Amino acid sequence: MEGLPSQARGTNFGRHRKIMPFEPGAEIDIEALRRQAREKAAALNSHVLGYGETAEREWAAAGVDAPDLPAMRKYRLERIRAELKRRDYAGALLYDPVNIRYATDSTNMQLWVAHNPTRHCFVATEGPVVLFDYFSCEHLSDHSGVVDDVRPAVSWMYLYGGELSDRRVERWAAGIADLVREHGGGNGRIAVDHLDPEGVTELARLGVTVGNGEAVMESARLIKSPDEILAMRRAIVACEAAMGEMEAALKPGISENELWAELHRANIARGGEWIETRLLASGPRTNPWFQECSSRRIEAGDLVAFDTDLIGPYGFCADLSRTWLCGDGKASNEQRDLFRLAADQIAHNTELLRPGLGFRELVERSAVPPPDCFPARYGVLYHGVGLADEYPTLPHAADWTEDTPDGELEPGMVLCVESYIGRLGGREGVKIEEQVLITETGNEQLSRYPLDARLIGN
């Protein structure tokens with residue numbers, strides 16, 4: 001009973017109490033109990049407990065140091081606020097759980113809140129970070145050191161408000177407008193990443209205008225700090241260890257779904273968070289691309305292609321693709337030819353990456369699939385990556401349009417280099433993808449998982 005308020009000592013309070021933690025009518029210091037509960041929960045938060053022995057052992061073996069998380073969080077807030085100042089916003093209102101993670105390094109039911117807007121965050125350009133969290137979840141951000149205030153979120157989705165949702169919108173908007181008035185210095189403009197029309201209308205009625213928060217956040221997230229790169233390296237090490245367990249499970253007769261489940265299991269075992277897609281296909285389902293995994297039983301001699309799209313430790317994305325040959329047999333000439341084309345495209349296009357190179361010039365110099373494979377090409381040659389797929393997305397030169405944004409590669413950007421090679425009308429296809437850091441002098445390939453040696457041969 002040590003550490004409990006004196007009023008609670010001598011009662012039946014304890015771990016074996018089934019119904020109530022204190023006797024009715026007793027003089028209990030409720031606020032003290034709330035503080036104690038919050039402190040206990042905060043100390044047991046997954047971010048505080050860390051990623052476990054398996055992940056730490058693998059990171060040590062790979063020689064990847066731990067990131068300085070307080071420094072990383074400070075860097076991110078500075079990036080957000082610099083963008084807000086540059087675009088003349090009083091603050092940012094964030095609903096996307098990935099953006100909230102970037103701003104606060106805290107999480108809460110990430111996939112659920114992605115489609116149920118019950119958690120949001122306000123980052124004042126000059127002022128506090130206020131996290132509006134789900135009921136009784138104050139402890140989930142106590143570790144971050146950058147959240148100044150936690151308040152209960154007012155959710156006005158139909159699930160909660162029904163036909164009275166308009167009243168909830170008014171209550172929600174009043175709270176946001178108060179923050180803007182208090183910390184905006186007379187500026188009523190805020191950046192918002194995702195917001196339904198009712199919210200925009202009600203904020204406007206209160207004198208708050210809304211701008212493009214995705215532009216703010218994508219620009220802020222574009223350049224990674226050294227600590228973010230360390231965290232990303234660790235996420236990739238964990239992903240590739242999970243891929244190794246997945247490859248070990250690849251035997252003739254296993255279903256695509258069963259094989260894909262191995263990647264999920266191994267990611268979660270290392271403290272990873274989720275996988276954004278189900279992109280795994282075998283044999284004839286590899287051409288055309290973008291079949292999600294199924295109940296199909298994988299046969300000996302099949303190509304098995306997949307895209308991890310994995311959100312791993314520290315919330316970082318490890319977006320890698322590989323194609324394997326199932327079974328102990330030899331690859332066919334056609335399989336090796338497809339694989340060589342994909343591997344050569346990846347190698348050529350990775351070699352091009354260097355700071356100062358323009359986006360348009362990059363894609364014009366990039367290798368592309370041959371004519372009989374070009375109609376089935378992957379949708380992009382390159383895309384940014386961080387906490388998820390990020391800006392920029394660079395198409396093939398043939399797909400460049402007047403509304404494709406140009407730009408320039410900069411040190412600290414991380415790009416995924418993509419290739420899909422499958423003949424139009426062919427039986428199988430090959431998917432390969434690597435994750436590459438733009439350095440001061442060129443590039444560094446962060447992904448290291450080996451290509452299937454049986455498919456590399458001439």
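This is a short tour of a predicted model, stop by stop, with something to select at each one.

**Stop 1: the six-stranded sheet**

Start by colouring the strands β4, β3, β2, β1, β5 and β6. In that order they form an open sheet of six strands, and the pairing is mixed. Look for the edges at β4 (149–152) and β6 (209–212), since each of these pairs on one side only. From one strand to the next, the twist averages 25°.

Now zoom in on β1 (residues 91–94) and β5 (residues 189–192). These two run parallel and are joined by three bridges. Which residue of β5 stands opposite G91? Click on I190 and you've found it.

**Stop 2: helices lying across that sheet**

Keep the sheet on screen and add helix α8, residues 165–183. It lies across β1, β2, β3, β4 and β5, and runs at about 15° to β2. Next add α5. This helix lies across β1, β2 (120–124) and β3 (129–133), and its angle to β2 is about 45°.

**Stop 3: two helices that cross**

Stay with α5 (residues 97–104) and bring in helix α4 (residues 69–86). Their axes come within 7 Å and cross at roughly 115°. How are α4 and α5 oriented to each other? Angles from 65 to 115 degrees count as roughly perpendicular, so α4 and α5 are roughly perpendicular to each other.

To see where they touch, show side chains for Y75, R76, L77, R79 and I80 in α4, which meet R101, Y102 and A103 in α5. Colour them by type: the residues of this contact divide into five nonpolar, three charged and no polar.

**Stop 4: a strand tucked inside**

Jump along the chain to strand β12, residues 321–325. Is this strand enclosed or open? Five of its five residues are buried, so β12 is largely enclosed by the rest of the structure. Turn on the side chains here. S321, T323 and L325 point one way, R322 and W324 point the other way, and all of them are buried.

Then select β9, residues 303–307. Strands β9 and β12 run antiparallel, with five bridges joining them. One pair to pick out is A305 with T323, its bridge partner in β12.

**Stop 5: the three-stranded sheet**

Select β7, β10 and β11. In the order β7-β10-β11, these three strands form an open sheet with antiparallel pairing. The edge strands are β7 (274–275) and β11 (317–318), each pairing on one side only. Two bridges join β10 (residues 310–311) to β11, and I311 stands opposite C317 in β11.

**Stop 6: cysteines without partners**

You've just met C317, so let's go cysteine hunting. How many disulfides does a search of the whole structure find? Zero.

Select C416 and C317 to check a pair for yourself. C317 holds the closest cysteine sulfur to that of C416, but at 6.5 Å it is too far for a bond. A disulfide would need the sulfur atoms to be within 2.5 Å. C416 counts as buried, at 0% relative accessibility.

Now try C326. The closest cysteine sulfur to its own is in C293, 15 Å away, so that is too far for a bond as well. C326 is buried, with a relative accessible area of 1%.

**Stop 7: backbone oddities**

For the last stop, switch to a view that shows the backbone atoms. Go to the loop between β8 (280–282) and β9, where you'll find P288. The peptide bond joining N287 and P288 is cis, with omega about 0°. In that loop between β8 and β9 you can also select F290. F290 isn't a glycine, although it has a positive phi of about 80°.

Move on to the loop between β9 and β10, where D309 lies. Phi of D309 is near 45°, another positive value in a residue other than glycine. D309 is buried, with a relative accessible area of 8%.

Finish at P392, whose place is in strand β14 (residues 389–394). Which peptide bond is cis here? The one from Y391 to P392, where omega is near 0°.

Key
Residues are numbered from 1 along each chain as its sequence is written. This is a predicted model: local features need pLDDT of at least 70, side-chain atom pairs count only at pLDDT 80 or more; totals for chains, interfaces and linings use all residues. Side-chain values use heavy atoms; hydrogens and water are left out. Buried means under 20% relative accessible area, exposed over 50%, partly exposed in between (1.4 Å probe, protein chains only). Helices (H or I, at least four residues) and strands (E, at least two) are DSSP runs, numbered from the N terminus. Two strands pair if DSSP finds at least two bridges between them. Axes are lines fitted to C-alpha atoms, for helices over the stretch in contact, and angles run from 0 to 180 degrees between N-to-C directions. Angles under 35 degrees count as roughly parallel, over 145 as roughly antiparallel, 65 to 115 as roughly perpendicular and the rest as oblique. Contact means heavy atoms within 4.5 Å. Ala, Val, Leu, Ile, Met, Phe, Trp, Tyr, Cys and Pro count as nonpolar, Asp, Glu, Lys and Arg as charged, and the others, Gly among them, as polar.
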